[in-house]
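Hi,

Here is the structure I promised to send you. Please open it and keep it beside you while you read my notes below.

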Amino acid sequence: MKEIQERNVDAYIYLMKLDAEKWTLLHDGGHRHGIMTTNISEALNSVLKKARVLPLKALVELIFNKLVKYFHQHREEAENCVRLFPTRIFDEFLQIELKSREHKCLGEMGQEQMLMYRRYIQDNVHKNLPSEFSSGLE
C-alpha cells in the first residue's frame with residue numbers, strides 16, 4: 001500500500017475507501033483459496049506456466065497425462081465412497097444438521113415438514129453416519 005500511495009495518491013485514497021476483502025487476496029478470508037482469477041484460461045496458463053517452453057507434442061502429452069491423473073484420482077475416490085455424498089459435502093451437511101438441532105419450527109406446517117425431513121434423514125442418510133452424529137436424531 002505504501003508503494004501505491006507513493007506512486008498515485010488518488011489510487012491509494014480510492015482503494016482505502018473500498019472493502020479490502022473485495023480486492024485483496026490477503027483479506028479474502030480464504031474464500032478464493034489463493035486464486036485471483038476466475039478466467040479458466042488464465043487458471044490453466046498458471047498450471048502450465050513451466051510447460052510453455054515445451055514442443056507442442058510434449059505439451060499435449062503433459063496436458064493429457066495431467067488430465068488422466070486427475071480423473072483417475074477422482075474416479076478412485078468415487079468408487080471408494082461409501083456415503084451418499086463426497087466426504088467434503090457430507091461433512092458440510094453434518095455440520096448443518098448439528099446446527100439445525102438448535103432451531104425450532106413454528107406452526108403446524110413447519111412441524112410436519114420437520115417430521116418429514118427427519119424421517120427422510122433416518123431412512124436415507126443415517127445408515128452411513130458415524131455414531132457421534134447419529135445420536136439424538138432418532
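Leaving aside residues up to four places away in sequence, phenylalanine 85 touches Phe90 and Phe93. This is a predicted model, so please read everything here as computed from a prediction. To find phenylalanine 85, look in the loop between helix 5 (56–79) and helix 6 (87–100). Is phenylalanine 85 buried or exposed? The answer lies in between: its relative accessibility is 29%, and because partly exposed covers the range from 20% to 50%, phenylalanine 85 counts as partly exposed.

Next, have a look at the aromatic rings. How many aromatic pairs does a search of the whole structure find? The search finds one. Tyrosine 70 and phenylalanine 71 form that pair, and their arrangement is edge-to-face. Their ring centres are 5.2 Å apart, with 90° between the planes. If you wonder why two numbers are quoted, a pair of aromatic rings is described by the distance of the centres and the angle of the planes.

Tyrosine 70 lies in helix 5. With a relative accessible area of 44%, tyrosine 70 is partly exposed. Phenylalanine 71 reaches 52% relative accessibility, and because the cut-off for exposed is over 50%, phenylalanine 71 counts as exposed.

Both partners turn up again on the surface: Leu67, Tyr70 and Phe71 make a nonpolar patch of about 330 Å². Try colouring those three residues to see the patch for yourself.

Happy exploring, and send me any questions you have!

Best wishes

Key. Residues numbered from 1 in each chain as written. Predicted model: local features only at pLDDT ≥ 70, side-chain atom pairs only at ≥ 80, totals over all residues. Heavy atoms only, no water. Phe/Tyr/Trp six-rings, centres within 6.5 Å; stacked < 30°, edge-to-face > 60°. Buried < 20%, exposed > 50% of the residue type's maximum accessible area, 1.4 Å probe, protein only. Helix = DSSP H or I, 4+ residues; strand = E, 2+ residues; numbered from the N terminus. Contact = heavy atoms within 4.5 Å. Patch = residues over 30% accessible without salt bridge, like charges linked within 9 Å, V, L, I, M, F, W, Y side chains within 5 Å. Areas by Shrake-Rupley, 256 points an atom, 1.4 Å probe, with all protein chains shown as cover. Salt bridge = Lys/Arg side-chain N within 4 Å of Asp/Glu carboxyl O.
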